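Trainee: Could we go through the hollows and the unusual backbone of a structure together, one feature at a time?
Mentor: Gladly; let us put it on the screen and begin.

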Amino acid sequence: MRFPEILAAAFIACVPAAHAGADAVRADIAARLAAAHPGVAPADYALGAAAFDAERRAQLEANTPAPEAAGILAEGKRLWTRKFRNGRSLAQCFPNGGRRIAAAYPQLDLKAKRVVTLETAVNQCLRTHGEPILETGDAAAMGAILAYVRSLAEGQKIAVRIASPLAEERFEQGRRLYYTRMGQQNYACASCHVQNAGRHFGDVALPAAPGAASRWPFVREGRAVSLQAQVRECLERMGAAPFPAGSDELAQFDYFLSALATGQTIRPNAWRPR
Ligand code: HEC
């Protein structure tokens, strides 16, 4: 059965459960996926559609590393180490020049009670040093920087732990967004990426939610597509007006998906087709 045919049934299952805490949410999603796809190892969810589609997997392997990734990384490194007018640089704003930091993002700013994404942290550094901030959704500059700084965490395990009441609250906000039907198609993210993960939507197998935060930015047609940019693309697919780049809502999606992916390995700059 293909995805649109089972839509009605999916929506019944898609009603958000009463808030049960991050661990229970993660366990519930993991159990559903394991039951639906016993042959797919959870570590493979990070392959996106390729986890469920042998042909796509062969294409992915043939495009690993992504052909355009080297150019994006070189540009990202240039921007990361570029001297500001005051002689400082992005690299100097972060511990170890930014090595192995990406695994712990998004973080919580306990004072401001806000989710701080990697994009926000980059712009905070620029602002502190009197430099113009970057468009969060700009693939050429911000995308390249994300590609580079995430490459400095290659092989690390994502570690966005939900271990405080504030963290639970922000996780729950992200979860609620993820399970809310939006847009003309009346889909929730979860309709595709939890309830129907691994089924075909058109020609594409639907990626599973717990893998989403591992491989980004994705390299699609030579561009670095951040997690937030990917979420905006899916909102358009849903016929919903995408939340603006840099919005709190996109930060909440990022936080929720990164917490779900905790324990997955960071392997950024993965090829994805148009
Ligand atoms: C109608 C089905 C559908 C809905 C609803 C949907 N997506 Fe997607 N999503 C897709 C498809 C199709 C892809 C691309 C698969 C491909 O070609 O690689 C995708 C890809 C993704 C990816 C990249 C996964 C990877 O590793 O390649 C992320 C992250 C993602 N979606 C998040 C979301 C979020 C967040 C929402 C809700 C705002 C959402 N999606 C809603 C169908 C959907």
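Trainee: How do the residues of the lining of the second largest pocket divide into nonpolar, polar and charged?

Mentor: Please keep in mind that this is a predicted model. The lining of the second largest pocket divides into 10 nonpolar, four polar and five charged residues. That pocket has a volume of about 340 Å³, and its lining comprises 19 residues, with T64, P65, P268, N269 and A270 nearest its centre. Among the elements, α3 (54-62) and α4 (69-81) each supply at least two residues of this lining.

Trainee: Where does the second largest pocket lie with respect to domain 1 and domain 2?

Mentor: To place a pocket, one asks which domains contribute to its lining. Here domain 1 (3-66 + 161-260) and domain 2 (69-151) both give residues to the lining of the second largest pocket, so this pocket lies between them.

Trainee: What volume does the largest pocket have, and which residues lie nearest its centre?

Mentor: The largest pocket holds about 860 Å³ of space, and it is lined by 37 residues, of which H193, P207, Q230, C234 and R237 lie nearest its centre. The elements that give two or more residues to that lining are α9, β4 (204-205), β5 (218-220), α10 and α11 (248-260), and α10 gives the most, with seven residues. By class, the lining of the largest pocket has 25 nonpolar, five polar and seven charged residues.

Trainee: In which pocket does the ligand sit, and how many residues surround the ligand?

Mentor: The ligand sits in the largest pocket. Of the elements, α9 (189-195) and α10 (227-237) are those that give two or more residues to the shell around the ligand, and α10 gives the most to this shell, with six residues. The ligand is surrounded by 23 residues, the closest being C189, C192, H193, C234 and R272, and the shell is made up of 17 nonpolar, three polar and three charged residues.

Trainee: Which side chains have a polar atom close to an oxygen or nitrogen atom of the ligand?

Mentor: For such contacts, one looks at pairs of N or O atoms within 3.5 Å. The side chain of R272 has an N or O atom 2.6 Å from an oxygen atom of the ligand, and a polar side-chain atom of R56 lies 2.9 Å from a ligand oxygen atom. In the side chain of H193, an N or O atom is 2.7 Å from a nitrogen atom of the ligand.

Trainee: How many cavities of 30 Å³ or more does a search of the whole structure find?

Mentor: The search finds one cavity of 30 Å³ or more, with a volume of about 40 Å³. Its lining consists of A102, Y105, R150, I158, A213, W216, S258 and I266, which divide into six nonpolar, one polar and one charged. Domain 1 (3-66 + 161-260) and domain 2 (69-151) both give residues to the lining of this largest cavity, so the cavity lies between them.

Trainee: Which peptide bonds are cis, and which residues other than glycine have a positive phi?

Mentor: Most residues other than glycine have a negative phi, and most peptide bonds are trans. In this model, the peptide bond from Y105 to P106 is cis, with omega near -5°, and P106 is found in the loop between α5 (90-93) and β1 (107-109). The bond from W216 to P217 is also cis, with omega near -5°, and P217 lies in the loop between β4 and β5. Positive phi values occur at N96, near 55°, and at R100, near 60°; N96 lies in the loop between α5 and β1, and R100 is placed in the loop between α5 and β1 as well.

Technical notes
Residues numbered from 1 in each chain as written. Predicted model: local features only at pLDDT ≥ 70, side-chain atom pairs only at ≥ 80, totals over all residues. Heavy atoms only, no water. 1 Å grid on protein atoms, 1.4 Å probe; cavity = no way out; pocket = protein on both sides within 12 Å on 5 of 7 lines; lining within 4 Å. Points joined across faces, edges and corners; volume = space filled by probe spheres on them. Nonpolar A, V, L, I, M, F, W, Y, C, P; charged D, E, K, R; others polar. Domains from an automatic or database assignment. Near = heavy atom within 4 Å. Polar contact = N/O pair within 3.5 Å; in protein donor to acceptor, adjacent residues only side chain to side chain. Sits in = over half its atoms within 2 Å of the grid points. Helix = DSSP H or I, 4+ residues; strand = E, 2+ residues; numbered from the N terminus.
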